Amino acid sequence: QPPEKDLTLLAITAILDPLREEVPEAVRMAKGAGVKVLMVTGDHKDTALAIGASLGLVDVEHPSAITGPELDSMDDYEIKKAVMTYNVFARASPENKIKIVKALQSQGEVASMTGVGVNDAPALKAADMGVAMGKEGTDVAREAAEMILADDNFATILVAVEEGRVVLDNLRKVLMIN
């Protein structure tokens, strides 16, 4: 008889990595400012959908997620369509992250990528604006990024976008006068 015959299941434990307090509001503000937010994660599709729903990324218009293996089976045209259709990408590999960034860029989108790990570095480098976390991020991610968030706060990105828009507006005013 197999050795597990005499075993008894005592409990099942679930671990939840809670969202940072500021992130849902920051995502809402980003959407209000015309910034499209995509979530690209290595998590399971169901986990990614649950997190995406709590962030407001899963809704009637974007009810599902797509996985890295599904992206792997697509041609370039299908990937370009997927990045404009889905807000949540699950089970994504480092190669998938680069494909997502490049597909957005090929359609004239300015693509920013946030990341913390070594596996995020290639996509951080490929993005128009790679953003690494300063506290939790690895040295490799910080080296690959153009911007480092010293406070690891996603909402800080919105402050930077707002300041950048002010600078751009001021430049336009100056150039129009001359």
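## Working through the fold: exercises

α4 and α5 pack with their axes 9 Å apart, at an angle of about 90 degrees. This is a predicted model, in which local features need pLDDT of at least 70, side-chain atom pairs count only at pLDDT 80 or more, and totals for chains, interfaces and linings use all residues. Residues are numbered from 1 along each chain as its sequence is written, and side-chain values use heavy atoms, with hydrogens and water left out.

### Exercise 1: the helix pair

Task: describe how α4 and α5 are arranged and which residues make the contact.

Solution. Start with the angle: about 90 degrees, taken between N-to-C directions on a scale from 0 to 180 degrees, with axes being lines fitted to C-alpha atoms, for helices over the stretch in contact. That makes α4 roughly perpendicular to α5 (under 35 degrees is roughly parallel, over 145 roughly antiparallel, 65 to 115 roughly perpendicular and the rest oblique).

Next, the residues. I79, K80, V83 and M84 of α4 meet K99, I100, A103, L104 and S106 of α5, where contact means heavy atoms within 4.5 Å. Sorted by class, that gives six nonpolar, one polar and two charged residues (Ala, Val, Leu, Ile, Met, Phe, Trp, Tyr, Cys and Pro are nonpolar, Asp, Glu, Lys and Arg charged, and the others, Gly among them, polar).

### Exercise 2: the cores

Task: find the residues that touch the most other members of the largest nonpolar core, and the helices that supply it.

Solution. A nonpolar core is a set of buried Ala, Val, Leu, Ile, Met, Phe, Trp, Tyr and Cys residues joined through side-chain atoms within 4.5 Å. Buried means under 20% relative accessible area, exposed over 50%, and partly exposed in between, with a 1.4 Å probe and protein chains only.

The largest core has 20 residues, and L71, V83, F89 and I100 touch the most other members. At least two residues come from each of α4 (76–85), α5 (94–106), α6 (121–126) and α7 (139–144). α5 gives the most, with four. Another core, of 15 residues, lies apart from this one and includes V37, M39, A48 and V58.

Now zoom in on V83. Not counting residues up to four places away in sequence, V83 touches K36, L38, F89, I100, A103, L104 and Q107.

### Exercise 3: two sheets

Task: work out the strand order in each open sheet and say which strands sit at the edges.

Solution. First, the ground rules: helices (H or I, at least four residues) and strands (E, at least two) are DSSP runs, numbered from the N terminus. Two strands pair if DSSP finds at least two bridges between them.

One sheet has three strands in the order β1-β3-β2, with parallel pairing. β1 (39–40) and β2 (66–67) are the edge strands, each pairing on one side only. Two bridges join β1 to β3 (residues 88–90), and M39 has V88 as its bridge partner in β3. Helix α2 (residues 45–54) packs on this sheet, touching β1, β2 and β3, and its direction makes about 155 degrees with that of β3.

The other three-stranded sheet has the order β4-β5-β6, also with parallel pairing. β4 (112–115) and β6 (147–149) each have a single partner strand, so one side of each is left without a neighbour in the sheet. Neighbouring strands here are turned by 25 degrees against each other on average, direction ignored.

Follow β5 through its pairings. β4 and β5 share four bridges, with T114 partnered by V131 in β5. Three bridges join β5 (residues 129–133) to β6, where A132 has I148 as its partner. As for cover, four of the five residues of β5 are buried.

### Exercise 4: two loop residues and a helix residue

Task: decide whether R91, D152 and N96 are buried or partly exposed.

Solution. Take R91, in the loop between β3 and α5. R91 has a positive phi of about 50 degrees although it is not a glycine, and is partly exposed at 44% relative accessible area.

D152, in the loop between β6 and α8 (155–177), has a positive phi of about 55 degrees and is not a glycine either. D152 is buried, at 3%.

Finally, N96 lies in helix α5 and counts as buried at 1% relative accessibility. Leaving aside neighbours within four places in sequence, N96 contacts G68, L71, D72 and R91.
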